[in-house]
Amino acid sequence: MAQADIQLQIPSAAFYIEPVRAFVGNLAKSLGFSRKRVADIQLVLDEVCSNAVHHGSVNATVGVKLCISIDTDTLAILVRDTGARHAGKKSWLTHERLSEIERNRSPNNESGHGIFIAKSLSDMHEMQTNASGGTDVRVVFRFLKPRDIEI
Amino acid sequence: MDSTKLMKLREESGIKIIEIKTDLSSYAASDLRKMLEGLLAEKVEKVVVNLSQVSHINSTAVGALVGVAKRLRQSGGDLKICALADNLTRTFNLIGASSVVEIYESENSALAAF
């Protein structure tokens, strides 16, 4: 058994989310996830990366880092931003802000659904402020059966 | 790149139909919002969005459709969507947007609902 990590960095711009979504979709498919689960993984990735790009970066040149980890039981994706997209706010993640987003989420709202989707469709979802003052979001998807990975 | 080139706009019986031929992640969702807001600016009242060739939609795109549907209803119009793949239907249901925007199986049924 071996674990594999794939590191990616994209400019903090929405345009670059699509190729990453395609890559992760192909990876998940290759790992044996069902078609439905691949769509879930791609949607969660899109939502998490969109938050990082739109709320968690000073400008496009800073970049968003991804670490995709594969082991026998899980596919885990860590998305790291550097924070400070908005003046006066370093990390967009605060307990108060998260509570406000979750409390106010409504089907009638045009935004505020991304974290809800990521939590709903992943097997595990974690958010925390990172050392650079930005936000780390980690989502985990479990294989239905443990894999014997040869990497 | 301009994804609006993959969003074909036509008109039938006074109803604007947007046929989308690209997946709707953040970048394309932004272009979809611009296109819909352009229709609002032109005082268009009735819109059908055909998603038959879309295999992915994120919450930004769903939010744009919800927002424009609500604004059109305020002026007596509406936005209806049609031909969703199963995973798109699941996304609408998860967010709850299927209770806000009318969804139809086909473009003809969406047009007939006006």
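**Helix packing, core and fold in a predicted model**

Helix 2 of chain A and helix 4 of chain A cross with left-handed geometry. This is a predicted model. Two packed helices are described by the angle between their axes and the distance between the axes. Here the angle is roughly 145 degrees, and the axes come within 9 Å. Helix 2 of chain A spans residues 35–55, and helix 4 of chain A covers residues 114–121.

Which residues of the two helices meet? On the side of helix 2 of chain A they are A:D40, A:L43, A:V44, A:E47, A:V48, A:S50 and A:N51. Helix 4 of chain A contributes A:G114, A:I117, A:A118 and A:L121. By class, this contact holds six nonpolar, three polar and two charged residues.

Two residues of that contact, A:V44 and A:V48, lead on to the core. Both are listed with the most contacts inside the largest nonpolar core, which has 67 residues. A:C49 is on that list as well, and so are B:L32, B:V49, B:L51 and B:L65 from chain B. Which element gives the most to this core? Helix 2 of chain A does, with ten residues.

Now follow B:V49 into chain B. Leaving out residues up to four places away in sequence, B:V49 touches B:I18, B:I20, B:L65, B:L79 and B:I81. Of these, B:L65 is itself on the list of residues with the most contacts inside the core.

Step back to chain B as a whole. Chain B has four helices and five strands. Along the sequence they follow the pattern β-β-α-β-α-β-α-β-α. Contacts in chain B reach far along the sequence: among those with a separation of 6 or more, 72% join residues 24 or more positions apart. Of its 114 residues, 47% count as buried. The C-alpha atoms of chain B fill a box of roughly 30 × 30 × 25 Å along the principal axes. What radius of gyration does chain B have, set against a compact globule? Chain B has 13 Å; a compact globule of 114 residues would have a value near 13 Å, so the two agree.

Return to chain A for a residue outside the buried set. A:Q9 lies in strand 1 of chain A, residues 4–10. Is A:Q9 buried or exposed? A:Q9 is exposed, because 12 other C-beta atoms lie within 10 Å, and a count of 12 or fewer is the cut-off for exposed. Beyond its neighbours within four places in sequence, A:Q9 is in contact with A:G63 and A:K65. A:F33 is 24 residues from A:Q9 in sequence and 24 Å away in space, C-alpha to C-alpha.

Conventions:
Residues are numbered from 1 along each chain as its sequence is written. Chains are lettered from A and ligands numbered from 1 in the order in which they are written. This is a predicted model: local features need pLDDT of at least 70, side-chain atom pairs count only at pLDDT 80 or more; totals for chains, interfaces and linings use all residues. The radius of gyration is taken over C-alpha atoms; the globule rule is 2.2 Å times the number of residues to the power 0.38. A residue is buried if 20 or more other C-beta atoms lie within 10 Å of its own, exposed if 12 or fewer, and partly exposed in between; C-beta atoms are placed from the backbone. Two residues are in contact if their C-beta atoms, placed from the backbone, lie within 7 Å. Axes are lines fitted to C-alpha atoms, for helices over the stretch in contact, and angles run from 0 to 180 degrees between N-to-C directions. A crossing is left-handed if the near helix is turned anticlockwise from the far one by less than a right angle, and right-handed if clockwise. Ala, Val, Leu, Ile, Met, Phe, Trp, Tyr, Cys and Pro count as nonpolar, Asp, Glu, Lys and Arg as charged, and the others, Gly among them, as polar. A nonpolar core is a set of buried Ala, Val, Leu, Ile, Met, Phe, Trp, Tyr and Cys residues joined through C-beta atoms within 7 Å.
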